[in-house]
Amino acid sequence: MRSALVGFVLGVVFLQMQAGLCASWLLICLLVLPTAAFIIAGKARFRWLELSTKFIAGMLFGFAWAGLFAQYYLQQELPPEWEGRDITLIGVVDGLPSHFERGVSFTFAVERVLEQGGQIAGCAKALVVGLVSSLCLC
């Protein structure tokens with residue numbers, strides 16, 4: 001089992017060194033392959049074959065898991081048509097502020113998003129707001 005865990009960690013590290021992410025369908029297919037490899041590894045006659053198969057399966061699983069995790073969080077971005085537009089956020093401060101060298105950071109739970117013409121749908125439910133000490137809230 002240690003060989004699979006070491007492989008998992010190395011798979012995640014290998015993904016971090018890539019210039020881009022693979023397509024989601026390919027990452028999902030990479031999740032099926034390690035499952036089959038674990039089944040085959042259990043029936044291996046030689047210990048070295050079992051360990052190496054589990055290592056490779058863990059590496060593939062770690063790569064796919066980290067890739068799908070990254071794909072999910074990269075999809076949560078501001079749409080390009082919102083760039084340069086003024087909006088009003090209505091909500092509450094959701095956590096204690098975190099002070100750092102140049103300012104303050106806090107989590108803001110968004111209840112509504114308003115534009116000049118009305119309400120906009122599809123905004124994030126929580127934002128992390130950072131204030132640099134040269135700025136002030138009015």
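How many residues does the hairpin use to join strand 2 to strand 3? We'll get there in Exercise 2, after a quick warm-up.

Before you start: this is a predicted model, where local features need pLDDT of at least 70, side-chain atom pairs count only at pLDDT 80 or more, and totals for chains, interfaces and linings use all residues. Residues are numbered from 1 along each chain as its sequence is written, and side-chain values use heavy atoms, with hydrogens and water left out.

**Exercise 1. Sketch the layout of the chain.**

Step 1: Count the elements. You should find three helices and five strands; these are DSSP runs, H or I of at least four residues for helices and E of at least two for strands, numbered from the N terminus.

Step 2: Read along the sequence. The order comes out as α-α-α-β-β-β-β-β.

Step 3: Check burial. Of the 138 residues, 22% count as buried (under 20% relative accessible area; exposed is over 50%, partly exposed in between, with a 1.4 Å probe and protein chains only).

**Exercise 2. Work out how strand 3 is paired.**

Step 1: Start with strand 1 (residues 88-93). Strand 1 runs antiparallel to strand 3 (residues 103-115), with six bridges between them; strands pair if DSSP finds at least two bridges. One partner to look for is Val110 in strand 3, which bridges to Gly91.

Step 2: Move to strand 2 (residues 98-100). Strand 2 is antiparallel to strand 3 too, joined by three bridges. Here His99 sits opposite Val104 of strand 3.

Step 3: Settle the opening question. The hairpin gets from strand 2 to strand 3 through two residues.

**Exercise 3. Describe how helix 1 meets helix 3.**

Step 1: Get the geometry. The axes of helix 1 and helix 3 (residues 47-74) come within 6 Å and cross at roughly 40 degrees. Axes are lines fitted to C-alpha atoms over the stretch in contact, and angles run from 0 to 180 degrees between N-to-C directions.

Step 2: Name the arrangement. Helix 1 and helix 3 are therefore oblique to each other (under 35 degrees is roughly parallel, over 145 roughly antiparallel, 65 to 115 roughly perpendicular, the rest oblique).

Step 3: Sort the contact residues by class. The contact of helix 1 with helix 3 has 14 nonpolar, six polar and one charged residues. For this tally, Ala, Val, Leu, Ile, Met, Phe, Trp, Tyr, Cys and Pro are nonpolar, Asp, Glu, Lys and Arg are charged, and the others, Gly among them, are polar.

Step 4: Zoom in on Val9, which belongs to helix 1 (residues 2-16). Val9 is partly exposed because its relative accessibility is 47%. Val9 and Met59 lie 50 residues apart in sequence, yet 7.1 Å apart in space, C-alpha to C-alpha.

**Exercise 4. Compare with helix 2, then place Lys54.**

Step 1: Take the angle. Helix 2 (residues 24-42) packs on helix 3 at about 155 degrees, their axes 8 Å apart. That makes helix 2 roughly antiparallel to helix 3.

Step 2: Sort this contact as well. The contact of helix 2 with helix 3 divides into 16 nonpolar, four polar and two charged residues.

Step 3: Find Lys54 in helix 3. Is Lys54 buried or exposed? Lys54 is buried, because its relative accessible area is 17%.

Step 4: List the neighbours. Leaving out residues up to four places away in sequence, Lys54 touches Ser3, Ala4, Phe38 and Ala41, where contact means heavy atoms within 4.5 Å.
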